[in-house]
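Q: I should like to learn how to read the features of a structure that is new to me. May we take them in turn?

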Amino acid sequence: MGNVASSLVPANASPAQCTQAFFVLSSAFIFSIQFLPDEIRGVLMDYGARRPQQDNGSASKDSGASPSPALVKLKAVLAKLTDCTQVPHSWFRHFYIVSVGWSIFWLSQFLSKGRLMTAIAAWQAKVAPKGMGLGQTYIVAALMAIQGSRRLYESYFVARMGKSPMWCVHWALGLAYYTAMGLGVWVEGSGSILEAWKTGNYKPSVPGFVPFAAALFMAASAKQNECHAHLASLKKYTLPKEGLFKYFLCPHYTCECLLYLGLSLAAAPQGSTFNKTILSGLLFVTVNLGATAYGTKQWYVEKFGAEQVGKRWMMIPYLW
């Protein structure tokens, strides 16, 4: 892993490149888990209703064949490890507390020309002087604050957080993700921030493509809210079928990807189509939620039958 990290992050790496490396390495970690046997993958990845129950080495749910003794032993060890390091599923809301907290913190740093933002911005501008305009930085940071605030509101007043636990690694990785994204939404605008501080000119200029990207973000946000409201209205362990759920098994995950796609477009530096830092975050979101969507489909098929699940896409039209 050290060699991989050093190849991803050169010695003179910028803060943006370090953030990108975190997203890529985290994505690779989650992706690699998908190649493990289903029994092991389920113990590590699944949570809530989808978390596998102890079966004492019963037949494989996929093939009906008895798993090897080594696989049974490994599953038992990992199950004990994850059971000893569980946190409540309701701790998901910590992600959005952290997200909103970082939005407030970085805003205060910008307004006060805080030491931490000054140091990071100077480092970024020295290594990569070209980046977002000030207007883009305002808008993208505001959109991220809106997303975190909406999800925090939903976690308290819309979603029904179950009592099922999740592995603490999921929780820690989520906290790290929102911390990195809190930095990622403004760091490529470091040059513009420093220039505004120096000249006192805080008037933003916004490229023409930014309103379109922001509209994509807001549309995906509204649809995701509809999905979460529908899920919260269902009786426990009911197959959702309304709205976008007619076409997707996990449309709220689709909307999450579109949110970050919109952010990446809105934050694109001059001469680029996407903001690479946020695009790397989108990679993490896609891999993480794609793995969860796969587990969700398996659980739906087992509980409701393949006929009820039908041919709906898991998350990405025509692909997944």
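Q: Which residues form a nonpolar patch on the surface?

A: This is a predicted model, in which local features need pLDDT of at least 70, side-chain atom pairs count only at pLDDT 80 or more, and totals for chains, interfaces and linings use all residues. Residues are numbered from 1 along each chain as its sequence is written, and side-chain values use heavy atoms, leaving out hydrogens and water. A patch of this kind joins Val, Leu, Ile, Met, Phe, Trp or Tyr side chains within 5 Å, each residue having over 30% relative accessible area (Shrake-Rupley, 1.4 Å probe, only the protein chains shown as cover) and no salt bridge (Lys or Arg side-chain nitrogen within 4 Å of an Asp or Glu carboxyl oxygen). Here Ile-97, Tyr-153, Tyr-156 and Phe-157 together offer about 470 Å² of accessible area.

Q: Is Ile-97 buried, partly exposed or exposed?

A: Buried means under 20% relative accessible area, exposed over 50%, and partly exposed in between. Ile-97 counts as partly exposed because its relative accessibility is 39%.

Q: How many aromatic pairs does a search of the whole structure find?

A: Rings of Phe, Tyr and Trp (its six-membered ring) pair if their centres lie within 6.5 Å; planes under 30 degrees apart are stacked, over 60 edge-to-face, the rest tilted. The search finds 25. Among them, Phe-92 and Phe-95 are edge-to-face, at 5.0 Å centre to centre and 65° between the planes. Phe-95 and Tyr-178 are stacked, at 6.1 Å and 25°. Both Phe-95 and Tyr-178 are buried.

Conventions: Patches are made of residues with over 30% relative accessible area and no salt bridge: like charges are joined within 9 Å, nonpolar side chains (Val, Leu, Ile, Met, Phe, Trp, Tyr) within 5 Å. Buried means under 20% relative accessible area, exposed over 50%, partly exposed in between (1.4 Å probe, protein chains only).
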